[in-house]
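Grab a pencil and have a look at the model below. The exercises after it walk you through a few spots, each with a worked solution.

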Amino acid sequence: MHEAGFIADGMRYLANSYRRAPMLVVRGQGCKVWDIEGKEYLDFVAGIAVNNLGHCHPRVVDALQQQAARLIHVSNLYYIQPQIELAQLLVNNSFADKAFFCNSGAEAIEAAIKLVRRYSSAHFGPERFEIICMDHSFHGRTMGALSATGQAKYHEGYQPMLPGFSFVPYNDLDAIRRAITDKTCAILVEPIQGEGGVNIPYDSYLPGLRDLCQEYKLLLIYDEIQTGMGRTGKFFAYEHYDAPPDIMALAKGIAGGVPMGAMLATEEVMNTFIPGSHASTFGGNPLACAAGVAAVKTLLQEGIVDHCQKIGDYFKNRLIGLAQKFPFINNVRGKGLMLGMELTFPGAEIVDRCREEGFLINCTMDKVLRFLPPLIISEEEIDRLLEALEAIFDKCHPE
Ligand SMILES: *Cc1c(COP(=O)(O)O)cnc(C)c1O
């Protein structure tokens with residue numbers, strides 16, 4: 001069967017909840033993927049900031065093959081060796097003392113919501129359960145994570161939301177101070193907003209949040225699901241700002257493409273969970289954790305995070321160069337390899353043109369072209385995208 005046949009079957013049998021490009025991807029290697037017709041694409045989406053090591057990294061593939069033949073699942077009724085090893089790696093390379101594993105970003109956020117509620121209830125009483133969240137944030141699609149997401153379009157038709165979330169503008173410390181009440185228990189923020197349009201905080205924002213949390217005895221939760229695992233040129237984005245949280249949600253790039261989420265926390269906070277407080281059947285299963293161990297070790301041992309920092313600067317400067325040529329490019333922003341280019345018009349057509357030319361890119365918030373390539377991307381590959389983008393922009397004027 002050819003591509004069109006598979007796509008017709010996909011439309012017939014799959015839920016209609018995604019706007020998919022008419023493209024069937026069958027293979028990936030490094031920064032490239034191939035569709036079923038054999039056409040090659042350079043991948044600047046990386047599974048939405050998941051394939052940080054590129055597709056099918058040999059160390060991840062090897063770890064998965066070995067673990068699949070040894071033990072795939074056993075449950076958290078027992079100790080699991082790669083789970084312990086991954087927890088140790090994450091703890092030794094972050095602010096955290098302990099890790100809880102789950103299967104997705106939304107689940108990591110759910111775990112964080114439950115942990116702060118339980119901690120606050122134990123220390124300050126049951127009335128103190130509200131979490132301050134940001135406008136234009138994105139935390140996932142389950143009801144708790146959705147309730148913490150500050151974008152009305154994702155709430156449509158799903159009301160009522162879970163109670164206990166209030167919203168303030170991102171990057172505004174005064175707004176947070178005004179929003180804090182007797183009921184507030186935590187602040188939840190993406191260090192750099194992803195789905196909300198690649199929004200960068202000013203330098204004193206996260207340290208300011210840290211201070212506010214100190215002053216009002218609140219817990220600080222970072223959603224580093226997209227910014228983590230080297231994406232911004234540091235292992236975690238909060239390292240740019242020297243302002244560690246109490247709790248951090250991870251997922252996306254954590255296990256080299258295998259589904260996994262994690263919630264990290266300081267010992268004092270995590271110890272609020274006692275046996276039975278929270279659980280996941282699959283969370284931290286041997287297969288995902290073996291991939292996670294391989295992915296994290298590769299990220300940390302092979303200079304990939306430093307490469308991301310350097311190549312990200314190169315990429316950003318090339319995009320800024322393009323912005324100087326085309327007046328309809330409003331703005332270029334981002335850190336490391338989490339870059340956004342804001343246009344004055346919707347970007348969907350640019351995304352389609354790029355795909356036709358063999359480049360996968362993404363667009364968020366309607367007008368922000370987003371670039372999230374594997375962290376191993378080369379200058380030469382970036383040059384190829386820029387050349388294609390320039391040719392597309394030459395032809396594709398907004399008027
Ligand atoms: C992707 C993402 C999520 C949700 O992760 P899922 O694995 O899709 O549930 C949450 N927060 C941020 C910042 C994300 O980028």
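## Exercise 1: a lysine in a loop

K252 comes out as partly exposed, at 22% relative accessibility; partly exposed sits between buried, under 20% relative accessible area, and exposed, over 50% (1.4 Å probe, protein chains only). Before going on, a word on the ground rules: this is a predicted model, where local features need pLDDT of at least 70 and side-chain atom pairs count only at pLDDT 80 or more, while totals for chains, interfaces and linings use all residues. Residues are numbered from 1 along each chain as its sequence is written, and side-chain values use heavy atoms, with hydrogens and water left out.

Task: find where K252 is in the chain, and check its phi.

Solution. Start with the place: K252 belongs to the loop between β9 (247-250) and β10 (261-265). Helices (H or I, at least four residues) and strands (E, at least two) are DSSP runs, numbered from the N terminus. Now the backbone: phi of K252 is positive, about 30°, although K252 is not a glycine.

## Exercise 2: around the ligand

Task: work out which residues surround the ligand, and find polar contacts to it, meaning pairs of N or O atoms within 3.5 Å.

Solution. First, list the neighbours, counting a residue as near if one of its heavy atoms lies within 4 Å. You should get S104, G105, A106, F138, H139, G140, E190, D223, I225, Q226 and K252.

Next, sort that shell: 3 residues are nonpolar, 5 polar and 3 charged. Here Ala, Val, Leu, Ile, Met, Phe, Trp, Tyr, Cys and Pro count as nonpolar, Asp, Glu, Lys and Arg as charged, and the others, Gly among them, as polar.

Then look at atoms:

- K252 has a side-chain N or O atom 2.6 Å from an oxygen atom of the ligand.
- D223 has a side-chain N or O atom 2.7 Å from a nitrogen atom of the ligand.
- G105 uses a polar backbone atom, 2.8 Å from a ligand oxygen.

Finally, the cover: on its own the ligand has 380 Å² of accessible area, and the protein covers 81% of that (Shrake-Rupley method, 1.4 Å probe).

## Exercise 3: cysteines

Task: how many disulfides does a search of the whole structure find?

Solution. The search finds 0. A disulfide here is a pair of cysteine sulfur atoms within 2.5 Å. Take C102: the closest cysteine sulfur is in C289, 11 Å away, so that's too far for a bond. C133 isn't in a disulfide either, as its nearest cysteine sulfur, that of C185, is 9.7 Å away. As for burial, C102 is buried at 2% relative accessibility, and C133 is buried at 0%.

## Exercise 4: following β3

Task: which strands pair with β3, and is each pairing parallel or antiparallel?

Solution. Two strands pair if DSSP finds at least two bridges between them. Begin with β2 (residues 32-35): its pairing with β3 (residues 40-43) is antiparallel, over 3 bridges. In it, V33 stands opposite Y41. The hairpin has 4 residues between the strands, and G38 takes a positive phi near 90° there.

Now turn to β13 (residues 359-360), which pairs with β3 in the parallel sense over 2 bridges. Here D43 stands opposite L360.

## Exercise 5: two backbone oddities

Task: look at the peptide bond from Q159 to P160 and at the phi of A46.

Solution. The bond from Q159 to P160 is cis, with omega near 0°. P160 lies in the loop between α7 (152-155) and β6 (165-168). A46 has a positive phi, near 55°, without being a glycine. A46 is part of helix α2 (residues 46-49) and is buried, at 0% relative accessible area.

Key: A polar contact is a pair of N or O atoms within 3.5 Å; within protein, one must be able to donate a hydrogen and the other to accept it, and residues adjacent in sequence count only if both atoms are side-chain atoms.
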